[in-house]
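Dear colleague,

I am passing a structure on to you, and since it will be new to you, I have added some notes on its aromatic rings underneath. Please look through the structure before you read them.

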Amino acid sequence: ENLIAALHSRGKKIGIVVNNSKEVPTLLNILEKGVDSLYFESEDIFNESVEYLKNDHENISVKTFKITGIEDAGSGDRVCIDTISMLGEDEGLFIGSFASSMLLILSENSKNEFIDTRPFRVNSGSIHQYVYVGNGKTKYLSELNSGTKIKVFNKNGRGRSSTVGRAKIEFRPLFKISFTDGNKYGSVFLQNAETVRLMGNDGNPIQVNKLKDGDEVLGISLEGARHYGMKIEEKMIEI
């Protein structure tokens, strides 16, 4: 950090010899500038580094779902996922009761009259739900804890790596929200709170307590059944 701060201000460039592919993301992001060039000790380390960087970001196809029902689900254990990153206003996590269809639940990066922003947090809803963690894999919210690697996504489906700082579980009132794309259907259980927001199809966030039947929101569909978060080809029915 000291070298980058001192030399960049003098117009100098820095090159680093890489002998561990896992160091590459850090080297490219020090002080949000990174080093100027990388030199690899072997072709194997270069190839490993390329794969590591590919996995650091992801693009996934986002689609529109229509809300078909909103009902009181009683109270249950809901999870707030606190990441070690500052999330943008259009970034969050894909969450759903079914692995086949999930909605984009946004970070608490929006001011309201009741509480300050917490741009590192996604109030992810009921503990039983799936969260898409990237590279075709899902986890249950109950499996996330301090140190778990995840990906956060924006409204265009652009994902970037982050890490869970902590998962906070509390007993809260929940809504069950049903939705469909005309082919697949799904549901998501979210806390009845003004800080919980979904992304509308028009690119504007919608508070969960202002959501209504017919609203169009953004989400994703995943193919195949799930076994320990991995896609498998078998018949499975989720209801």
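Does F94 count as buried or exposed, and why? With a relative accessibility of 0%, F94 counts as buried, because the cut-off for that label is under 20% relative accessible area. Please keep in mind that the model is predicted.

On the rings themselves, the structure holds 6 aromatic pairs. In one of them, F94 and F153 have ring centres 5.3 Å apart and planes at 50°, so this pair is tilted, given that stacked pairs have planes under 30 degrees apart and edge-to-face pairs over 60. The pair links distant parts of the chain, with F94 in strand β5 (residues 91–98) and F153 in strand β10 (residues 149–154), and the two are 59 residues apart. F153 is buried, its relative accessible area being 0%. Ring pairs also bring in Y132, which forms a cluster with F94 and F153.

Strand β5 takes part in another pair, that of F98 and Y185, whose ring centres lie 5.9 Å apart and whose planes stand at 90°, so the pair is edge-to-face. Because F98 lies in strand β5 and Y185 in strand β12 (residues 185–191), this pair ties together parts that are 87 residues apart in sequence. As for accessibility, F98 counts as buried at 9%, whereas Y185, with a relative accessible area of 43%, is partly exposed.

With kind regards

Terms used: Residues numbered from 1 in each chain as written. Predicted model: local features only at pLDDT ≥ 70, side-chain atom pairs only at ≥ 80, totals over all residues. Heavy atoms only, no water. Phe/Tyr/Trp six-rings, centres within 6.5 Å; stacked < 30°, edge-to-face > 60°. Helix = DSSP H or I, 4+ residues; strand = E, 2+ residues; numbered from the N terminus. Buried < 20%, exposed > 50% of the residue type's maximum accessible area, 1.4 Å probe, protein only.
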